[in-house]
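Some words used for protein structures rest on a value and a cut-off. The questions below ask how each word is earned.

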Amino acid sequence: MTSFAYPLAFLLLFLPFVWRWVVPAVKGLHGDALRVPFINDLEKISIKSGAIWKLGGASANKGYSRLFWVLYTIWTLLVIAVARPQWVGEPIRLPQDSRDIMLVLDISTSMLAKDFTYQGHRLDRLTAVKKTASDFLRKRSNDRVGLVLFGTRAYQQSPLTYDHKSIEDILWSMDAGMAGDSTSIGDALGLALKNIRQNKKSDNKIIILLTDGENNDGSLSLPQAIKLAADEGIKTYTIGVGAKSSFMGLFMGGTTGVDERGLKALAAATNAQYFRAEDTSSLQNIYQAIDELEPSVNQDKFIRETRELYFIPLLAAIFLALVLSLILRRIN
């Protein structure tokens with residue numbers, strides 16, 4: 001549709017009439033005329049031209065000459081150009097600003113404990129994490145996601161990327177114990193912080209750290225990692241996985257339990273939250289809760305394609321002025 005950027009400019013259409021009404025008529029070479037400084041050259045028009053164009057003669061429109069209406073047409077076109085006519089397209093929703101999200105997942109052997117259920121079937125913790133993390137990834141179309149897996153050692157499996165399908169493929173190909181049997185939370189967090197702070201494309205950065213144990217390996221202690229995260233100012237949401245009393249976790253050689261105190265301290269130091277996932281549904285709810293806590297911006301903002309059309313009346317005014325000038329010169 002067509003609109004005008006400055007519709008109030010149309011008030012200028014009345015200016016010539018106001019000018020004629022306010023400024024008294026004066027006697028010129030050809031009778032009464034308006035005192036209009038920028039058309040003084042019209043006084044040089046010969047009697048012949050006045051006879052042809054009837055410049056001094058009043059038309060049927062309340063004493064306005066034909067020349068007046070030609071000049072007024074040029075004026076109208078200039079006013080339309082000043083009002084800036086525009087073609088405005090349909091509204092388009094702005095894409096959400098992307099977030100940088102680092103998933104830091106524990107794949108130690110304790111993640112094989114089968115204390116989760118999904119659709120009536122018993123699942124080990126790692127399979128439940130794969131399912132819920134995959135669902136989480138499918139909803140992150142505008143976010144860059146990276147992946148760090150850890151056990152005895154921490155490994156960056158994917159830098160921050162929009163290619164969520166490749167991250168999902170990595171998730172489903174990983175097995176418990178691939179990175180070792182113990183748990184090095186500090187090293188994994190340090191690696192995630194190093195990767196996410198090197199990317200300057202987004203100011204909205206978070207880390208989601210999931211584990212079912214406590215920091216019992218690695219070169220970086222949990223207190224040191226907490227200090228690093230707090231200094232970086234990157235929110236780190238922590239998730240403790242597993243039922244609070246899991247015989248299977250002990251049987252599979254896992255840790256004695258989740259270090260809730262340490263994970264809560266890590267979350268609190270970065271203005272984030274700690275969650276406990278004891279089953280698949282609670283794990284799904286946690287990812288949804290994190291999404292609500294860290295919403296993307298620009299969700300309700302729209303833009304419209306705009307094309308300027310002011311040049312059309314402007315060119316028409318210039319063309320008409322040139323034609324009038326040529327005609328007057330020819331008559332003279």
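The turns that follow concern a predicted model.

Q: Why is R84 called partly exposed?
A: R84 has a relative accessible area of 26%, and a residue counts as buried under 20% and as exposed over 50%, with partly exposed in between. Because 26% lies in between these two cut-offs, R84 is called partly exposed.

Q: What makes N271 count as exposed?
A: The relative accessibility of N271 is 63%, and exposed means over 50%, so N271 counts as exposed.

Q: What is notable about the phi of R84 and of N271, and where are these residues found?
A: Phi of R84 is near 55 degrees, a positive value in a residue that is not glycine, and N271, also not a glycine, has a positive phi of about 60 degrees. Most residues other than glycine have a negative phi. R84 is found in the loop between helix 3 (66–82) and strand 4 (85–93), while N271 is found in the loop between helix 9 (260–269) and strand 12.

Q: How do you know that the span of helix 10 is close to the expected one?
A: Helix 10 covers residues 280–293, which is 14 residues, and reaches 20 Å from its first C-alpha to its last, close to the 20 Å expected at 1.5 Å a residue.

Q: Why are the buried residues of helix 10 said to be on the same side?
A: T280, S282, L283, I286, Y287 and I290 are buried in helix 10. They cover an arc of only 165 degrees around the axis, which puts them on the same side of helix 10.

Q: What covers the buried residues of helix 10?
A: The cover includes strand 5 (100–106), helix 4 (125–138) and strand 12 (274–277), among others.

Definitions and conventions. Residues numbered from 1 in each chain as written. Predicted model: local features only at pLDDT ≥ 70, side-chain atom pairs only at ≥ 80, totals over all residues. Heavy atoms only, no water. Helix = DSSP H or I, 4+ residues; strand = E, 2+ residues; numbered from the N terminus. Expected span 1.5 Å × (residues − 1). Buried < 20%, exposed > 50% of the residue type's maximum accessible area, 1.4 Å probe, protein only. Arc of directions from axis to C-beta. Contact = heavy atoms within 4.5 Å.
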